[in-house]
Amino acid sequence: MPEATTTRLVACPTCRQSIAWTTDNPNRPFCSERCRMIDLGAWAAEDHRIPGEKALDEQDPNSYRKDPDDWEE
Ligand SMILES: [Zn+2]
């Protein structure tokens, strides 16, 4: 099945820079691994206080999964 040819742009949640949502970017929706790690750190700092807060309704939820390997209970 052919992919859509239109490149989708998303704003990096950390620095708000517009980035192309492509499979070439393993850090999507972040612009870089740095921003991804910053976000993970900020989230961890919240100590799970707002687990229901999400601001990603416009993005494919199936494409935004934090790597299960990063989770430690
Ligand atoms: Zn960024």
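What is the mean pLDDT of the protein, and what percentage of its residues reach 70 or more? The mean pLDDT, the predictor's confidence in each residue on a scale from 0 to 100, is 76, and 55% of the residues reach 70 or more. Because this is a predicted model, local features are described where pLDDT is at least 70 and side-chain atom pairs count only at pLDDT 80 or more, while totals for chains, interfaces and linings use all residues. Residues are numbered from 1 along each chain as its sequence is written.

**View 1. The elements of the protein, from the N terminus on, run β-β-α.** The secondary structure comes to 1 helix and 2 strands, where helices (H or I, at least four residues) and strands (E, at least two) are DSSP runs numbered from the N terminus. Among these elements, α1 has the lowest mean pLDDT, at 87, and β2 the highest, at 92. Of the 73 residues of the protein, 10% count as buried; a residue is called buried if 20 or more other C-beta atoms lie within 10 Å of its own, exposed if 12 or fewer do, and partly exposed in between, with C-beta atoms placed from the backbone. Among contacts between residues at least 6 apart in sequence, 18% join residues at least 24 apart, a contact being a pair of residues whose C-beta atoms, placed from the backbone, lie within 7 Å.

**View 2. Strands β1 and β2 run antiparallel and are joined by 4 bridges.** Two strands are taken to pair if DSSP finds at least two bridges between them. Ala-11 has Ser-18 of β2 as its bridge partner, and the hairpin of β1 and β2 has 6 residues between the strands. Arg-16, in the loop between β1 and β2, has a positive phi of about 70 degrees although it is not a glycine. With 9 C-beta neighbours inside 10 Å, Arg-16 counts as exposed.

**View 3. Cys-12, Cys-15, Cys-31 and Cys-35 are listed by UniProt under "binding site" in an unreviewed entry.** These four cysteines span 24 residues in sequence, yet no two of their C-alpha atoms are more than 8.2 Å apart, so they gather at one spot. The UniProt positions are given in the numbering used here, feature names are shortened, and annotations may be inferred rather than shown by experiment. Cys-15 is found in the loop between β1 (8-11) and β2 (18-21), whereas Cys-35 lies in helix α1 (residues 33-45). Cys-15 is partly exposed, with 14 other C-beta atoms within 10 Å, and Cys-35 also counts as partly exposed, with 19 C-beta neighbours inside 10 Å. Leaving aside neighbours within four places in sequence, Cys-15 is in contact with Cys-31 and Cys-35. With residues up to four places away in sequence again not counted, Cys-35 touches Cys-12, Thr-14, Cys-15 and Phe-30.

**View 4. Gln-17 is placed in the loop between β1 and β2.** With 12 C-beta neighbours inside 10 Å, Gln-17 counts as exposed. Apart from its neighbours within four places in sequence, Gln-17 is in contact with Cys-12 and Cys-31, both of which appear in the UniProt "binding site" list. Gln-17 and Cys-31 are 14 residues apart in sequence, and their C-alpha atoms are 7.1 Å apart in space.

**View 5. A cis peptide bond joins Arg-28 and Pro-29.** The omega angle of this bond is about 5 degrees, and Pro-29 has its place in the loop between β2 and α1. Met-37, shown with this region, lies in helix α1 and counts as partly exposed, with 14 C-beta neighbours inside 10 Å. The C-alpha atoms of Met-37 and Asn-27, which are 10 residues apart along the chain, are separated by 9.5 Å.

Methods: Two residues are in contact if their C-beta atoms, placed from the backbone, lie within 7 Å.
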